[in-house]
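Colleague: Could you take a close look at one of the helices in this model for me? I'd like to hear what surrounds it, and then whatever else you come across along the way.

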Amino acid sequence: MSSQALSRPLAGTPVGLRSLRKWAVVALALAALVVIAGISTDLAVFWAVGLTFGFILQRSRLCFASAFRDLFLMREGRNMKAILAGMGVASLGFAFIMQKAVPDPTAGALPTQAHVTPVGVYLVLGGLLFGVGMVVAGGCVSGTMYRIGEGYVASLASLGGILLGLELAAHSWNWWYAVSVGISPIIWLPSSVGYAGALAITAALLLAAYFGITWWESGRPPLFTPKKAAEQAALTFSDKVAQTWRGIFVKGWPMMSGALALGVLNIFAFTYQHPLGVTGELSSWADRGSSLFGWAAPPIAGASQLAGCVLTAGGSWLTGNFTLDAGVIGGAFVAAVLASEFKVRWPRQRRRYVQSAAGGLGMGYGAGLAVGCTIGAFFSAIPSLGLNGWIFGLSLLIGAFGGVKIIQRIP
Amino acid sequence: MSNFLDVRGEICPYPMMQAVAALKKLPAGESTLEVLTDHAPALSTIPWEAAKLGYEADIEEVGSPEWKITLRKSEAARDAKAVMARMQDQLAKLGVGQE
């Protein structure tokens, strides 16, 4: 084939109209903020957090699925190293927040909102299933949501699978609770070694993981060598403003900046109410949907004793978690439009839709079982200083390895 | 005459995997492959994997958002560090780079 077909105009829409469209999208997101703030402050705060969350993910292309997957697929760990750094920042902030809530961690109490869950077989199974599913679907739950905002149609199939998986998990949860969740121990590091000790252990583990990945990558040249400070001697103030604007809204961010920003956002969310998490709310969407068909989930056993992305049966639409999840999609959409990266993308092969839905199903069930996804049960759990975040992360790693073997066999 | 691969619409990470498969299957004597993609993450993964196979990459924006990546067999590609530095410059110019 020749390259003739490629020579066509850069874009179909006149530039003036395109920038009008960009401003309209930003105005819409902000107008929604004002309207939501009129209903309740909580809803508005989480809408803003969600927008920021989606914006960060889209700009830095921070993808938890590829962070695990590319360690095997490309022997490349820049994404994962950024996430480890983000969790390091969040750990510090989380420790201060938890220390205020529970000054003496050895007394037996847990900070109510920290993402600390029992460590048991259910967590490993959930992580394995989630790890396979996210690689097969080409994105984890938050990845699926930000890709929807960018116009990836296959991600809608993933979301359908995720919702179905969460609902199936909600219907079988009480069995899992009886055989594993309810009888497994909660291992919260500060309860035995105090906050300083728990932070030291977490920092040591994060550093070990960081350098472990560096070792794994070694023998290959670094994908992205740090850039020398730009030659910007004679820039005027307005040049600098324009440059900053482009750096934030138009150009891609370095993954490390994205992950650190996400760590700080997580501290903010926890300071305000609770750490970031997306799947608890999605399970509530799933259950409200299936109730319409007379297939509502039974009450979730132990829900009041668990924190984080606990499966939710029923629930109402007007919650902070709803505006958070909707905000992730909205924020990614705003970011994609501003950077001219929005496009409705239809995979031409039908098996991609099946693949995305099947991966979503595995992720949904896995997240339901493990009380969260790569965000709630990993990115928010390790900084909560529980052992569960690490066990879930290791299970994701093994699951992702399996997922890579599977996608290499799907043409 | 160059070989051409259209991976638009594909989900992650198939643009990269299909480009690598196509490079490995290039007929003897052929040394160029053009890849058309609308998947921004592929702009870093395709040149990276191609460099491992001895190809260097040129990226051109041909739509919004669509890019053409031209992969050429080259001795210079053996110096992966130089290839990556060049690719980063290109991405920065296109405004999609992650410096």
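Modeller: Sure, and keep in mind that this is a predicted model. Let's start with α8 of chain A and its buried side: the buried residues there are A:L189, A:P190, A:S191, A:A198, A:L199, A:T202, A:L206, A:A209 and A:I213. The cover over these buried residues includes α3 (64–73), α4 (78–101) and α15 (387–407) of chain A. An α-helix has 3.6 residues a turn, so residues three or four places apart point the same way. You can try that on A:T202, A:L206, A:A209 and A:I213, which are among the buried ones.

Now for the course of the helix. α8(A) takes in residues 189–217, 29 residues in total, yet its end C-alpha atoms are only 30 Å apart. A straight helix would reach 42 Å at 1.5 Å a residue. There is a bend of about 100 degrees in α8(A), at A:Y195.

For a contrast, turn to α9 of chain A, residues 237–250. Its 14 residues should span 20 Å at 1.5 Å a residue, and the end C-alpha atoms are 19 Å apart, which agrees. None of its residues is buried, so α9(A) lies largely in the open.

Back to the cover of α8(A), because two of the helices named there, α3 and α4, are flanked by loops with a backbone detail worth a look. Most residues other than glycine have a negative phi, and most peptide bonds are trans. A:R61, in the loop between α2 (41–60) and α3 of chain A, has a positive phi near 50 degrees. With 22 C-beta neighbours inside 10 Å, A:R61 counts as buried. A:R75 sits in the loop between α3 and α4 of chain A, and its phi is positive too, at about 55 degrees, although it is not a glycine. A:R75 has 14 C-beta neighbours inside 10 Å and therefore counts as partly exposed.

Chain B has some backbone details of its own. A cis peptide bond joins B:C12 and B:P13, with omega about 0 degrees. B:P13 lies in the loop between β1 (3–6) and α1 (14–24) of chain B. The bond from B:S64 to B:P65 is also cis, with omega near 0 degrees, and B:P65 belongs to the loop between β3 (55–63) and β4 (66–73) of chain B.

Next, a helix pair in chain A. Helix α7 (residues 154–179) packs on helix α13 (residues 350–369) at an angle of about 35 degrees, and their axes are 6 Å apart. The crossing of α7(A) and α13(A) is right-handed. By class, this contact has 20 nonpolar, eleven polar and one charged residues. A:L156 is in helix α7 of chain A; its C-alpha lies 9.6 Å from that of A:G360, although the two are 204 residues apart in sequence. A:L156 has 16 C-beta neighbours inside 10 Å, so it counts as partly exposed.

One last stop is A:I375, in helix α14 (residues 375–379) of chain A. It has 28 C-beta neighbours inside 10 Å and so counts as buried. Leaving out residues up to four places away in sequence, A:I375 touches A:S142, A:L276, A:G277, A:V278 and A:S380. A:A301 is 74 residues from A:I375 along the chain, and their C-alpha atoms are separated by 23 Å.

Notes: Residues are numbered from 1 along each chain as its sequence is written. Chains are lettered from A and ligands numbered from 1 in the order in which they are written. This is a predicted model: local features need pLDDT of at least 70, side-chain atom pairs count only at pLDDT 80 or more; totals for chains, interfaces and linings use all residues. Axes are lines fitted to C-alpha atoms, for helices over the stretch in contact, and angles run from 0 to 180 degrees between N-to-C directions. Helices (H or I, at least four residues) and strands (E, at least two) are DSSP runs, numbered from the N terminus. A crossing is left-handed if the near helix is turned anticlockwise from the far one by less than a right angle, and right-handed if clockwise. Ala, Val, Leu, Ile, Met, Phe, Trp, Tyr, Cys and Pro count as nonpolar, Asp, Glu, Lys and Arg as charged, and the others, Gly among them, as polar. The expected span of a helix is 1.5 Å times one less than its number of residues. The bend at a residue is the angle between axes fitted to the seven residues ending there and the seven starting there. A residue is buried if 20 or more other C-beta atoms lie within 10 Å of its own, exposed if 12 or fewer, and partly exposed in between; C-beta atoms are placed from the backbone. Two residues are in contact if their C-beta atoms, placed from the backbone, lie within 7 Å.
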